[in-house]
Amino acid sequence: MLSTQTVIDSGITTGPFDEFVDRILRLGAARTSAYVCCANVHMVVEAHRDPSFRKVLAEADLVTPDGGPVASVAGWRGGHPQERVAGMDLVPALLEEAARRGQSVYFYGTTDDVLEAIVVRAKRELPTLRLVGTCAPPFRPLTPDEEAAHVAAINAADPDLLFVALGCPRQERWMAAHRGQVKACMLGVGQAFLVYAGMEQRLPVWARRLWLEWAYRLWLEPRRLWKRYLVTNSRFLFLLARTSLAKG
């Protein structure tokens, strides 16, 4: 059974990985225009810093414990171990189960090359999967007409699940803004597109269990990510200590 625990000041959904997969697919089948956020340390700290973004997370249907520290703290708050429910693991699991259930999927974000690689892998490994569309929007703010056209195209394809990769916090804000417009369960999964496409490797499981994935990504992109990981991770530990002391 899924429940919620507070990490800093964000509600994080907790429970078994398989229950997340089932709940997400049921949200998609219901066409309730839901959205799911995958929360790592960066997202939790950003939510603390920005009340408008905190509201985006608070209104999500599910906020998965994507990062190891977030999962560990959520489990500690709940009194039992909590496994990571990372976007990089959710994407292949959801695609496999969607194929089994006959549900449809759509990919929105990144580049045409990445989307092409995703389609190739999905068709090779899951030939029965109903992949009903892809779209790589331009790397700039869309005009209202472009935005409306994208939403219309997604709804015309009629997916159960819409995977969104626009980067955090843009993808989360996009999903929140389009709740009630996009008739699918939207999932902000960012970097998972590159991993599923085979364009970025993940660390071995043992290294991920030691919370080293952030260090690996920092090594790959130091100029872009140094502030996010070094400064933000320190901020997370400070906020966690402060809230723990405040609760006594």
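**Overall architecture and the central sheet**

Of the 248 residues in the protein chain, 51% are buried in this predicted model. The chain contains 12 helices and 8 strands. Among its contacts with a separation of 6 or more, 72% are accounted for by residues 24 or more positions apart. The exposed surface of the protein chain amounts to about 11,900 Å², of which carbon and sulfur atoms supply 57%.

An open sheet is formed by 6 strands, arranged in the order S4-S3-S8-S7-S5-S6 with parallel pairing. Strand S4 (62–65) and strand S6 (130–135) are the edge strands, each pairing on one side only. From one strand to the next, the twist averages 20°. Strands of a sheet pair through backbone hydrogen bonds, in either a parallel or an antiparallel manner. In the present model, strand S3 (residues 35–39) runs parallel to S4, and the two are joined by 4 bridges. Within this pairing, Ala39 stands opposite Pro65 in S4.

Helix H6 (residues 112–125) was examined with respect to its length and its packing. Its end C-alpha atoms lie 20 Å apart, in agreement with the 20 Å that its 14 residues should span at 1.5 Å a residue. Val114, Leu115, Ala117, Ile118, Val119 and Ala122 of H6 are buried. An α-helix has 3.6 residues a turn, so residues three or four places apart point the same way. The buried residues of H6 pack against two strands, S5 (104–109) and S6, and against helix H9 (192–196). Strands S5 and S6 are also neighbours in the strand order of the open sheet.

How values were computed
Residues numbered from 1 in each chain as written. Predicted model: local features only at pLDDT ≥ 70, side-chain atom pairs only at ≥ 80, totals over all residues. Heavy atoms only, no water. Pairing = 2+ DSSP bridges. Axes fitted to C-alpha atoms, helices over the stretch in contact; angles between N-to-C directions. Buried < 20%, exposed > 50% of the residue type's maximum accessible area, 1.4 Å probe, protein only. Contact = heavy atoms within 4.5 Å. Areas by Shrake-Rupley, 256 points an atom, 1.4 Å probe, with all protein chains shown as cover. Expected span 1.5 Å × (residues − 1).
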